Amino acid sequence: MPVLWEPSLPDIGHLANWMVSSHKLGFDASCLQDDDPDTFWQSDGPQPHSITLQFMKKVLIQKLAINLNIVSDDSYTPIRLLIRAGTSLYDLQDVKTVSFDKPMGWIPFDIGVERAGKDSMRPLNVYVVQIIIAANHMNGKDTHVRGLKVLGAKEARLRDDDLLPFTSMEFRMHEFVR
């Protein structure tokens, strides 16, 4: 299956601690990261179901990509997601609501903040992202998600004319003499 998102966006999901609201035995959070379209996370418990990603340090997140299959999963397929983000589990704020019509395969969507008067979105700078399954196809109770990717911001390109080609914030602070 072709990759449907920009290859310049790095997958930063491996930096997070993944938690799910519930799961059936053998269908846990590891199935979200295994890149196998035949495995899936299956919820098992009261709604709403959620996937929570907690990072050890603040990260820039541009997009999420979710792998869904309405043909195989039918009423287990999410059709509406609520994305929440913040600095801890206790201060999460709603960032975006995403709806799908017959979702099939990898579906990328931007979760960044809109820039005034620009086409592009500014990435979120957060410690925690939570994906809440707000609704399933045909009002299904449990859910199947076949994969999830967390895509960071574009990496800064070094220019040939950079006198000090530093990329970290600590070094960039001292790039210019006042």
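So, a salt bridge here is a side-chain nitrogen of Lys or Arg within 4 Å of a carboxyl oxygen of Asp or Glu. By that rule, we get five salt bridges.

Quick housekeeping before the pairs. This is a predicted model, where local features need pLDDT of at least 70 and side-chain atom pairs count only at pLDDT 80 or more, while totals for chains, interfaces and linings use all residues. Residues are numbered from 1 along each chain as its sequence is written, and side-chain values use heavy atoms, with hydrogens and water left out.

Okay, one of the five: K149 and D11, at 3.6 Å, N to O. Those two sit 138 residues apart, with K149 in strand β11 (residues 147-152) and D11 in the segment before β1 (16-20). Strands are DSSP E runs of at least two residues, helices are H or I runs of at least four, and the numbering goes from the N terminus. K149 also belongs to a network of salt bridges with D11 and D35.

On accessibility, buried means under 20% relative accessible area, exposed is over 50%, and partly exposed is in between, using a 1.4 Å probe and protein chains only. K149 comes out at 12%, so we call it buried, whereas D11 is partly exposed at 34%.

Next up, D73 and R146, with N to O at 2.7 Å. Here helix α2 (residues 70-73) holds D73, and R146 is in the loop between β10 (144-145) and β11, 73 residues apart. Both ends of that one are buried.

And then D94 with R84, at 3.1 Å, N to O. That one goes from β5 (residues 93-99) to β4 (residues 78-86), ten residues apart. D94 is exposed at 53%, and R84 is partly exposed at 24%.
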